[in-house]
Amino acid sequence: MITIYFFAGMKEAAGTPQMAWEIEDTTVKDIRKKVKETYPQLHQAESAMVAVNEEFAGEGDIVQTGDTVAFIPPVSGG
Amino acid sequence: MEQRHNYYITEKPLDPSPLIQQVIRPEAGAVNTFIGTVRELTEGKRTVALTYEAYKPMAEKKLEQIVREIETENKDSRVAIAHRIGKLDISDIAVVIAVSSPHRDASYRGSRYAIERIKEIVPIWKKEHWEDGSEWIGDQLEQTAYSVDGPEEGRT
């Protein structure tokens, strides 16, 4: 199982802070697809950065069961 | 306890003094402190409050990375950074950065670098509350959309 977190505007658009995907291994690219299928209103899933296990990840990076994925829309701290 | 670290995210009000104390040492001749506060007016629009949200474990890792980047670039600099999350009122302190160095130039540069870097790579988001609504704010650097492969890393 892969846990996927949403924050800020994405969390509000999804109506939930997280979702789980029962899959052994996949890629960041396919996680975007899965999220868009699950929450069609989450347009930011196409453009937001993705972090895997708390580090920014690229599209082709492998994601495995037990990993934690987070969508990181443009940040606005400071 | 979060305050043991020289980088942390907290829901409590921020006091700059402990962060300054963390970087003061005999080798230092300068301590530059940056304090970011909640601004009431942005382009004429009145903010009544802000809510900050963080992906806390990653945000603290990224603050640690920024500290490391500055201390690698200037081996004699010491850095402490804290960012508050939750609901903040006008003039509340949102971020404190303290940088010490033997001479003033490195402490100014380190401080400037830290705040710009926070706005690039630290997963913290701000929601502005106005009298007539609220909105999550993104991309304060007014850059074009982020590359899907993430922001440039390891820049100094």
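In which loop of chain A is the place of Glu54(A)? Glu54(A) sits in the loop between E4 and E5 of chain A, and that loop is the subject of one of the close-ups below. These legends describe a predicted model, in which local features need pLDDT of at least 70, side-chain atom pairs count only at pLDDT 80 or more, and totals for chains, interfaces and linings use all residues. Residues are numbered from 1 along each chain as its sequence is written, chains are lettered from A and ligands numbered from 1 in the order in which they are written, and side-chain values use heavy atoms, with hydrogens and water left out.

**View 1. The loop between E4 and E5 of chain A holds two residues with positive phi.**
Let us start with Asn53(A), which is not a glycine and yet has a positive phi of about 50°. Asn53(A) lies in the loop between strand E4 (49-52) and E5 of chain A; helices (H or I, at least four residues) and strands (E, at least two) are DSSP runs, numbered from the N terminus. Its relative accessibility of 35% makes Asn53(A) partly exposed; here buried means under 20% relative accessible area, exposed over 50%, and partly exposed in between, with a 1.4 Å probe and protein chains only. Glu54(A), also not a glycine, has a positive phi of about 70°. For context, most residues other than glycine have a negative phi.

**View 2. A salt bridge joins Lys127(B) to Glu12(A).**
The closest N and O atoms of this pair are 2.7 Å apart. A salt bridge is a side-chain nitrogen of Lys or Arg within 4 Å of a carboxyl oxygen of Asp or Glu. The pair crosses between chains, running from strand E8 (residues 124-130) of chain B, where Lys127(B) sits, to helix H1 (residues 8-14) of chain A, home of Glu12(A). Lys127(B) counts as buried, at 13% relative accessibility, whereas Glu12(A) is partly exposed at 46%. Over all chains, the count comes to 13 salt bridges.

**View 3. Helix H2 of chain A takes part in salt bridges through Lys33(A) and Arg32(A).**
Asp30(A) and Lys33(A) meet in a salt bridge of 3.4 Å, N to O. The two are 3 residues apart in helix H2 (residues 28-38) of chain A, so about one helical turn separates them. Both partners are partly exposed, Asp30(A) at 29% relative accessibility and Lys33(A) at 45%. The side chains of Glu59(A) and Arg32(A) form another salt bridge, at 2.8 Å from N to O. Because Glu59(A) lies in the loop between strand E5 (55-57) and strand E6 (62-64) of chain A and Arg32(A) in helix H2, this pair ties together parts that are 27 residues apart in sequence. Arg32(A) is buried, with a relative accessibility of 4%.

**View 4. Gly60(A) occupies the loop between E5 and E6 of chain A.**
With 56% relative accessibility, Gly60(A) counts as exposed. The C-alpha atoms of Gly60(A) and Glu37(A) are separated by 19 Å, and the two residues are 23 apart along the chain.

**View 5. Helices H2(B) and H3(B) cross in a right-handed sense.**
The axes of helix H2 (residues 56-73) and helix H3 (residues 104-121) of chain B come within 10 Å and cross at roughly 145°. Among the residues making the contact are Leu63(B), Ile66(B) and Glu69(B) of H2(B), and Tyr113(B), Ala114(B) and Arg117(B) of H3(B). Glu69(B) and Arg117(B) also belong to a network of salt bridges that includes Glu120(B). Axes are lines fitted to C-alpha atoms, for helices over the stretch in contact, with angles from 0 to 180 degrees between N-to-C directions. A crossing is right-handed if the near helix is turned clockwise from the far one by less than a right angle, and left-handed if anticlockwise; contact means heavy atoms within 4.5 Å.

**View 6. Tyr5(A), Phe7(A), Tyr55(B) and Trp125(B) form a cluster linked by ring pairs.**
The structure holds 6 aromatic pairs over all chains. In one of them, the rings of Tyr5(A) and Phe7(A) have centres 6.4 Å apart and planes at 45°, so the pair is tilted. Rings of Phe, Tyr and Trp (its six-membered ring) pair if their centres lie within 6.5 Å, and planes under 30 degrees apart count as stacked, over 60 as edge-to-face and the rest as tilted. Tyr5(A) is partly exposed at 26%, while Phe7(A) is buried at 9%. Phe7(A) also pairs with Tyr55(B), again tilted, at 4.9 Å centre to centre and 35° between the planes. Tyr55(B) is buried too.
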